[in-house]
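Trainee: Could you take me through one part of this structure in close detail? I should like to see how a loop and its surroundings fit into the whole chain.

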Amino acid sequence: MAIHQSKKLKNLTHALKDKASIIKANFSINRRSSSIKVAVVRATTHGARNPPSDARVAAVLALGNDFRSSTAFACIEALMNRLHTTSSAAVAMKSLFTLHIIVIRGPFNLRDQVSFFPSYGGRNFLNLSAFRDVSDSEMNDLSSWVRWYAGVVEHNVIVDRKLDRILYFRSRNCEIDEGGRKWKVDLAEELVVLVGFVERICEVPESLHLQKKDLVYEVVRLVLENYRLVQREIWVRVKEIGERVERLSVDELSELVGILIRLENCRWKVSVLFVNRGKNEEFWELVKITKGKVAEKKRLKEEKRMVMVVDSVESTRLWNPFVEPGQLVWVPGGDGPMGPALLPLTVSTERFVHM
């Protein structure tokens with residue numbers, strides 16, 4: 001009975017807080033600013049069980065129909081103020097949820113404001129790594145999801161900027177000119193960012209039972225939608241690696257093997273989080289086969305390099321009769337991006353050889 005009364009009192013308190021925020025917003029002299037703040041508050045109420053309704057999220061997205069940059073700026077500013085001034089895990093979660101929808105499928109002008117808003121665009125730009133709601137044990141558990149979700153949204157913005165907004169166009173089923181993009185990008189740089197996003201997802205809190213709450217469930221569902229877009233981009237680049245493998249240097253091959261190993265290490269955690277909804281066995285098989293192909297090409301190139309080094313040393317013996325046993329000599333070698341170079345070799349480090 002006491003617990004029931006406590007919940008009723010908490011719900012009443014939350015309702016009063018939301019009502020007060022709406023009244024405060026309505027007092028604004030600027031009617032446009034007032035309507036923006038009211039739309040944001042209604043989408044980010046204190047109730048912890050349910051996500052914002054489609055209608056309330058749509059009301060925020062509709063602000064993007066006003067093509068004045070000042071409206072888009074005011075919308076994102078109101079959302080960020082709501083996020084950074086609240087101590088409620090529920091309000092923070094709903095603010096992130098709304099922001100995430102804007103980032104992956106919102107109007108272009110709202111998305112632009114997220115990317116170019118002052119101090120935006122880098123790791124931890126949402127600045128919620130220390131967020132904690134200690135009002136009760138439930139909110140304390142939800143706080144860990146807020147911290148995780150903020151990291152996911154942050155990394156999504158980084159990915160979209162690095163890939164020149166390809167994720168955004170994919171989400172809207174737009175055609176991408178793969179031929180024009182192909183061979184003009186650094187695959188390793190793009191893969192590092194994409195795999196980093198998957199690794200960030202894998203840092204999900206241990207309290208997976210909270211997915212029973214509709215709010216958390218909808219957050220995970222939206223992250224899954226985002227993950228599938230990222231997975232598609234990884235697929236495109238892993239296939240490109242298979243096509244480029246003959247042209248890659250040993251250093252490039254080594255870096256790519258490491259990136260693909262990091263990706264494979266995420267497989268189990270992703271499967272647990274999404275309960276096999278993001279399983280895609282064909283994707284993981286491609287990653288496995290490509291990693292093996294890259295590793296094998298790296299091994300063959302390293303063996304070829306060693307053979308060339310040995311041949312070069314033997315040639316040095318023939319044309320330089322003054323080389324003494326134990327003396328260090330320089331031999332041609334190198335397989336990096338800059339082409340052949342003179343590399344010193346030793347027996348102990350495989351970079352110098354003793355004569």
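**A loop and the core beside it in sequence**

Mentor: In this predicted model, the chain holds 14 helices and two strands. Of its 355 residues, 47% are buried. The accessible surface of the chain amounts to about 18700 Å², and carbon and sulfur atoms account for 56% of that surface. Among contacts between residues at least 6 apart in sequence, 76% join residues at least 24 apart.

The part to examine is the loop between α6 (108–116) and α7 (137–162), where N127 is found. Most residues other than glycine have a negative phi. N127, which is not a glycine, nevertheless has a positive phi of about 55°. N127 counts as exposed because its relative accessibility is 55%, and the cut-off for that class is over 50%.

L126 belongs to another setting, the largest nonpolar core, which has 86 residues. Together with W148 and Y149, L126 is listed among the residues with the most contacts inside this core. Helix α11 (residues 214–244) supplies the largest share of the core, namely twelve residues. In soluble globular proteins, nonpolar side chains tend to be buried together.

The partners of L126 can also be named. Apart from neighbours within four places in sequence, L126 is in contact with M80, L83, H84, L96 and L99. A150, V153 and E154 complete that set of contacts for L126.

To draw the two residues together: N127 is exposed and has a positive phi, whereas L126 is one of the residues with the most contacts inside the largest nonpolar core.

How values were computed: Residues are numbered from 1 along each chain as its sequence is written. This is a predicted model: local features need pLDDT of at least 70, side-chain atom pairs count only at pLDDT 80 or more; totals for chains, interfaces and linings use all residues. Side-chain values use heavy atoms; hydrogens and water are left out. Helices (H or I, at least four residues) and strands (E, at least two) are DSSP runs, numbered from the N terminus. Buried means under 20% relative accessible area, exposed over 50%, partly exposed in between (1.4 Å probe, protein chains only). A nonpolar core is a set of buried Ala, Val, Leu, Ile, Met, Phe, Trp, Tyr and Cys residues joined through side-chain atoms within 4.5 Å. Contact means heavy atoms within 4.5 Å. Accessible areas come from the Shrake-Rupley method with a 1.4 Å probe; for residues, only the protein chains shown count as cover.
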